[in-house]
Amino acid sequence: MDKEVIDRQTRAITFSAIGRDFQLINVICIFANVVTLSLICTGNVAVVPLSIVIIGSLVFALIAGLNQIDTFKAWIMDMDKQDAESNMGIQGQKAPFTMWKTVFSLTYLSIALGQLYEILL
């Protein structure tokens with residue numbers, strides 16, 4: 001098989017893995033938030049352990065999620081000329097990574113702060 005073909009397949013697989021990992025991070029964090037919200041709704045919660053879970057899932061979401069966004073940005077920046085000139089490459093180079101990171105961070109931060117506020121009431 002031609003080296004160029006193998007390189008393109010490798011890049012496609014890498015892109016798929018980056019997207020899959022980001023999706024998995026979000027699924028884990030959403031399930032953690034659903035569980036903690038369910039526990040908060042019952043009213044009988046241990047405040048300190050639940051606060052630790054909320055803060056831990058927030059830290060996990062921020063570290064893992066922001067790293068995946070940076071990984072995607074690096075993947076975009078490392079594209080070869082052929083990929084960079086494709087529609088996907090052009091779209092990726094115009095992606096607002098700072099806005100994505102800001103929205104991602106604010107979303108999980110607001111969820112965590114809302115849960116902590118509700119526990120302390």
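# Salt bridges, pocket, cavity and surface patch in a predicted model

Q: Which exposure class does R8 fall into?
A: In this predicted model, R8 has a relative accessible area of 35%. Buried means under 20%, and exposed means over 50%. The value for R8 lies in between, so R8 is partly exposed.

Q: What is the N to O distance in the salt bridge between D83 and R8?
A: D83 and R8 meet through their side chains. The pair links distant parts of the chain, with D83 in helix α3 (residues 81-84) and R8 in helix α1, 75 residues apart. Side chains of opposite charge can pair when their charged atoms come close. For D83 and R8, the N to O distance is 2.5 Å.

Q: Is D83 buried or exposed?
A: The relative accessibility of D83 is 10%. The cut-off for buried is under 20%. D83 falls below that cut-off, so D83 counts as buried.

Q: How far apart are the closest N and O atoms of R11 and D83?
A: R11 and D83 also form a salt bridge. R11 sits in helix α1 and D83 in helix α3, 72 residues apart, and the pair links distant parts of the chain. The closest N and O atoms of R11 and D83 are separated by 2.8 Å.

Q: Is R11 buried or exposed?
A: R11 has a relative accessible area of 15%. Under 20% is the mark for buried. R11 meets that mark, so R11 is buried.

Q: Which residues are joined into one network by salt bridges that share partners?
A: D83 forms a salt bridge with R8. R11 forms a salt bridge with D83, and R11 is buried at 15% relative accessible area. Shared partners join these residues into one network: R8, R11 and D83.

Q: Which exposure class does D21 fall into?
A: D21 meets R20 in a salt bridge at 3.0 Å, N to O. The relative accessible area of D21 is 28%. That value lies between the 20% and 50% cut-offs, so D21 is partly exposed.

Q: How many salt bridges does the structure hold?
A: Among them are the pair D83 and R8, the pair R11 and D83, and the pair D21 and R20. For the structure, the count of salt bridges is 5.

Q: Which element gives the largest share of the lining of the largest pocket?
A: The largest pocket has a volume of about 170 Å³. The residues F15, I18, G19, F22, Q68, I69, F72 and W100 line the pocket. Two elements, α1 (3-42) and α2 (47-77), give two or more residues to this lining. The largest share, 4 residues, comes from α1.

Q: How many residues in the lining of the largest pocket are charged?
A: The lining includes F15, Q68 and W100. By class, 6 residues are nonpolar and 2 are polar. The number of charged residues is none: no charged.

Q: What is the volume of the largest cavity?
A: The count comes to 1 cavity of 30 Å³ or more. C29, N33, I54, S57, L58, A61, Y108 and A112 line the largest cavity. Its volume is about 40 Å³.

Q: Which element gives the largest share of the lining of the largest cavity?
A: Among the lining residues are C29, S57 and Y108. The elements α1, α2 and α5 each give two or more residues. The lining holds 6 nonpolar, 2 polar and no charged residues. Its largest share, 4 residues, comes from α2.

Q: Which element gives the largest share of the nonpolar patch?
A: The patch on the surface is formed by V47, V48, I52 and L120. Together these residues have about 400 Å² of accessible area. The largest share, 3 residues, comes from α2.

Q: Is I52 buried or exposed?
A: I52 is found in helix α2. The relative accessible area of I52 is 56%. Exposed means over 50%, so I52 is exposed.

Q: Is I119 buried or exposed?
A: I119 lies in helix α5 (residues 97-120). The C-alpha atoms of I119 and V27 are 23 Å apart, with their positions 92 residues apart in sequence. At 10% relative accessibility, I119 is under the 20% cut-off, so I119 counts as buried.

Q: How far apart are the C-alpha atoms of A32 and V45?
A: A32 has its place in helix α1. A32 is partly exposed, at 22% relative accessible area. A32 and V45 are 13 residues apart along the chain, and their C-alpha atoms are separated by 15 Å.

Note on methods
Residues numbered from 1 in each chain as written. Predicted model: local features only at pLDDT ≥ 70, side-chain atom pairs only at ≥ 80, totals over all residues. Heavy atoms only, no water. 1 Å grid on protein atoms, 1.4 Å probe; cavity = no way out; pocket = protein on both sides within 12 Å on 5 of 7 lines; lining within 4 Å. Points joined across faces, edges and corners; volume = space filled by probe spheres on them. Nonpolar A, V, L, I, M, F, W, Y, C, P; charged D, E, K, R; others polar. Patch = residues over 30% accessible without salt bridge, like charges linked within 9 Å, V, L, I, M, F, W, Y side chains within 5 Å. Areas by Shrake-Rupley, 256 points an atom, 1.4 Å probe, with all protein chains shown as cover. Salt bridge = Lys/Arg side-chain N within 4 Å of Asp/Glu carboxyl O. Buried < 20%, exposed > 50% of the residue type's maximum accessible area, 1.4 Å probe, protein only.
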